[in-house]
Amino acid sequence: MNITKFISQHTWTVGFSFDGVGALLDNKKLNIVWLKNPYRDRWFADPFILNVTDITIELLVEEYYDPISRGRISRLFIDRRRMSIIKSVPILELDTHLSFPFICRRDDGVYIIPENYESGECKEYKYDVDKNTCIYNRTLVKKPLMDAVLTNLLGISYLVSTCYPSHETLHFFKEDSDQSDYLFFRIIKFSSNIARNAGSWFKYKGKYYRPAQDCEESYGKAVILQEVVLDEEGNIQMKDIRRIESTNPSYQLGCHTLNICDDIMVFDAKAYRYPRLRAIYQLLRK
């Protein structure tokens, strides 16, 4: 690794807001509590809320682990009262990079659809919450999908995702009732790089919303919250509601995840891993 690449490495952190979905949709300023990372050999991003109690919040996250130089999926335990990380437990590690652990809850348990575009496929795993293990369940789409989510519009199950390397085109795959996979249905092409999902789609007061990533200026610069609008002919349109950027003064480079559970919102934020070294290097280059 050359010096430019080394000092340009990024790190991520996770933050929570308890202001509620109403404040989010009313475009109010959000109070976000950012966690401090107690580990020196890993960082956390792409948070999805697994479980919430009065004492703890449990997340599934991308954990970028230095010894393997790639991401894996881990279960992060948060002390809710102190807003601090208790521990991180890896649940899925492969030879290729893993991130964005989308959670799907069904009657027979919890499933996750992590991003693993380097494998060339989008796969689903069943997660044993008690044993903290994941077992391969099925391949949903044999394409290198990025940040795929399952959503239900008009009673139809869709897998929605961008496909590597594009950030401009959102692909819809429709569930095949005769098979276990999803078949290509349609695309929505945006005029800028905002197609990539930033978290689970959610429904609030009868309306659907999609968190999207703004990757126009740089990867994961901000979250754009969009209302999903269906016209009379059933065509899907996206209407921008608000833009969300990092409120963490030490992590100002980006914010690319928004997920909601029980009126708790979770975000992430990006920074340079070695900001002082990078500043010195940039100064010397000038």
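Of the 286 residues of this protein, 54% count as buried. The model is a predicted one, and the description below moves from the chain as a whole to its pockets and then to a single residue.

The chain forms three helices and 20 strands. Its C-alpha trace spans about 60 × 45 × 40 Å along the principal axes. A compact globule of 286 residues would have a radius of gyration near 19 Å, and the protein agrees with this because its own value is 19 Å. Contacts between residues at least 6 apart in sequence give another view of the fold: 47% of them join residues at least 24 apart. On the outside, the accessible surface comes to about 14,200 Å², and carbon and sulfur atoms account for 47% of that area.

Empty space within a structure can also be examined. Rolling a probe the size of a water molecule over the atoms shows where such space is left. In this model, the largest pocket holds about 810 Å³ of space. Its lining is made of 30 residues, of which Trp43, Glu62, Tyr64, His97 and Tyr219 are the closest to the centre. Five elements give two or more residues each to this lining, namely β1 (10-17), β3 (42-52), β4 (56-65), β7 (99-106) and β11 (145-153). The largest share, three residues, comes from β3. Sorted by class, the lining of the largest pocket has 11 nonpolar, eight polar and 11 charged residues.

The second largest pocket contains about 320 Å³ of space. It is lined by 17 residues, and those closest to its centre are Thr11, Tyr251, Ala271, Tyr272 and Arg273. At least two residues of this lining are supplied by each of β1, β3 and β20 (264-272). By class, the lining of the second largest pocket has eight nonpolar, five polar and four charged residues.

One residue of the largest pocket may now be considered in detail. His97, one of the residues closest to the centre of that pocket, is located in the loop between β6 (84-92) and β7. Is His97 buried or exposed? A residue counts as buried when its relative accessible area is under 20%; His97 has 18% relative accessibility and therefore counts as buried. Setting aside neighbours within four places in sequence, His97 is in contact with Glu62, Tyr64, Arg70, Gly71, Glu115, Asn116 and Glu118. Among these partners, Glu62 and Tyr64 are also listed with His97 as residues closest to the centre of the largest pocket.

Terms used
Residues are numbered from 1 along each chain as its sequence is written. This is a predicted model: local features need pLDDT of at least 70, side-chain atom pairs count only at pLDDT 80 or more; totals for chains, interfaces and linings use all residues. Side-chain values use heavy atoms; hydrogens and water are left out. On a 1 Å grid over the protein atoms alone, a cavity is a set of points where a 1.4 Å probe fits but cannot get out, and a pocket is an open set with protein on both sides within 12 Å along at least five of seven lines; lining residues have an atom within 4 Å of a point. Grid points are joined across faces, edges and corners, and a volume is the space filled by probe spheres set on the points. Helices (H or I, at least four residues) and strands (E, at least two) are DSSP runs, numbered from the N terminus. Ala, Val, Leu, Ile, Met, Phe, Trp, Tyr, Cys and Pro count as nonpolar, Asp, Glu, Lys and Arg as charged, and the others, Gly among them, as polar. The radius of gyration is taken over C-alpha atoms; the globule rule is 2.2 Å times the number of residues to the power 0.38. Buried means under 20% relative accessible area, exposed over 50%, partly exposed in between (1.4 Å probe, protein chains only). Contact means heavy atoms within 4.5 Å. Accessible areas come from the Shrake-Rupley method with a 1.4 Å probe; for residues, only the protein chains shown count as cover.
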